[in-house]
Amino acid sequence: VAVPTATYTGWAQRAGSLSDPGGPASIVDGCDGSGQYIPFPDTKAHRLLTGDPRPSLQERYGEPDGKNTNYVNAVTAAANALVAQRFLLPEDVVTYVTPATLQAIPANL
């Protein structure tokens with residue numbers, strides 16, 4: 001959450017309305033408590049095309065060379081901050097940094 005690639009919510013949007021007794025929202029299936037993961041657009045061009053007001057991955061973490069060093073450094077710093085606060089064990093930092101190295105971040109040209 002400290003170095004996001006998406007918007008996370010504690011609630012989920014439903015199709016339909018609570019005022020529609022036969023609509024999908026009238027069915028209590030527990031999905032409303034599971035939250036949502038809404039990915040950021042990959043590029044600024046995609047963000048502008050879709051009208052998404054959130055900065056893209058490219059705008060947040062992109063580098064001219066197309067590497068994801070900014071993102072990996074941010075994840076590493078966040079994990080190390082959790083270690084300093086004693087919320088994470090030092091040996092668990094790699095659990096977060098390794099997947100960050102695989103995150104595709106478009107080049108910021």
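This tour moves through the structure from its overall fold to its aromatic pairs, its core, three buried residues and its largest pocket.

**Before selecting anything**

The model is predicted: local features need pLDDT of at least 70 and side-chain atom pairs count only at pLDDT 80 or more, whereas totals for chains, interfaces and linings use all residues. Residues are numbered from 1 along each chain as its sequence is written, and side-chain values use heavy atoms, with hydrogens and water left out.

**The whole chain**

Begin with a cartoon view of the protein, whose secondary structure amounts to four helices and two strands. Helices (H or I, at least four residues) and strands (E, at least two) are DSSP runs, numbered from the N terminus. Along the sequence the pattern reads β-β-α-α-α-α. Of the 109 residues, 28% count as buried; buried means under 20% relative accessible area, exposed over 50%, and partly exposed in between, with a 1.4 Å probe and protein chains only. Contact is defined as heavy atoms within 4.5 Å. Among contacts in the protein with a separation of 6 or more, 52% join residues 24 or more positions apart.

**The two aromatic pairs**

Next, display the aromatic side chains. Rings of Phe, Tyr and Trp (its six-membered ring) pair if their centres lie within 6.5 Å; planes under 30 degrees apart count as stacked, over 60 as edge-to-face and the rest as tilted. By this rule there are two aromatic pairs. Select Tyr-8 and Tyr-37: their ring centres lie 5.5 Å apart with planes at 55 degrees, so this pair is tilted. Tyr-8 belongs to strand E1 (residues 6-9) and Tyr-37 to strand E2 (residues 36-39), and the pair links distant parts of the chain, 29 residues apart. Tyr-8 is partly exposed at 45% relative accessibility, and Tyr-37 is partly exposed at 48%.

Now select Tyr-61 and Tyr-71. Their ring centres are 5.0 Å apart and their planes stand at 65 degrees, so the pair is edge-to-face. This pair also links distant parts of the chain, with Tyr-61 in helix H2 and Tyr-71 in helix H3, ten residues apart. Both Tyr-61 and Tyr-71 are buried.

**The nonpolar core**

Keep Tyr-61 and Tyr-71 selected and add Val-75: these three residues have the most contacts inside the largest nonpolar core, which has 13 residues. A nonpolar core is a set of buried Ala, Val, Leu, Ile, Met, Phe, Trp, Tyr and Cys residues joined through side-chain atoms within 4.5 Å. Helix H2 (57-61), H3 and H4 each supply at least two residues of this core, and H3 provides the largest share, four residues. Centre the view on Tyr-71: leaving out residues up to four places away in sequence, Tyr-71 touches Val-3, Thr-5, Tyr-61, Ala-100, Gln-103 and Ile-105.

**Three buried residues**

Move to Ile-105, in the segment after H4. Ile-105 is buried at 6% relative accessibility. Beyond residues up to four places away in sequence, Ile-105 touches Leu-57, Tyr-61, Gly-62, Gly-66, Asn-68 and Tyr-71. A distance line between the C-alpha atoms of Ile-105 and Arg-60 spans 9.2 Å, although these residues are 45 residues apart along the chain.

From Ile-105, step to Asn-68, in the loop between H2 and H3. Asn-68 is buried, with a relative accessible area of 13%. Its contacts, again without residues up to four places away in sequence, are with Glu-63, Ala-100, Thr-101, Leu-102, Gln-103 and Ile-105.

Then select Pro-41, in the loop between E2 and helix H1 (44-50). Pro-41 is buried, with a relative accessible area of 4%. Apart from neighbours within four places in sequence, Pro-41 is in contact with His-46, Arg-47, Asp-52, Arg-54, Ser-56 and Leu-57. The C-alpha atoms of Pro-41 and Pro-55 are 7.6 Å apart, with their positions 14 residues apart along the chain.

**The largest pocket**

Finish with a surface view. On a 1 Å grid over the protein atoms alone, a pocket is an open set of points where a 1.4 Å probe fits, with protein on both sides within 12 Å along at least five of seven lines; lining residues have an atom within 4 Å of a point. The largest pocket holds about 370 Å³ of space, the volume being the space filled by probe spheres set on the points, which are joined across faces, edges and corners. Select Val-1, Ala-2, Val-3, Val-75 and Tyr-96, which lie nearest the centre among the 16 lining residues. Helix H3 (69-84) and helix H4 (93-102) are the elements that give two or more residues to this lining, and H3 gives the most, with five residues. The lining comprises 14 nonpolar residues, two polar and no charged, where Ala, Val, Leu, Ile, Met, Phe, Trp, Tyr, Cys and Pro count as nonpolar, Asp, Glu, Lys and Arg as charged, and the others, Gly among them, as polar.
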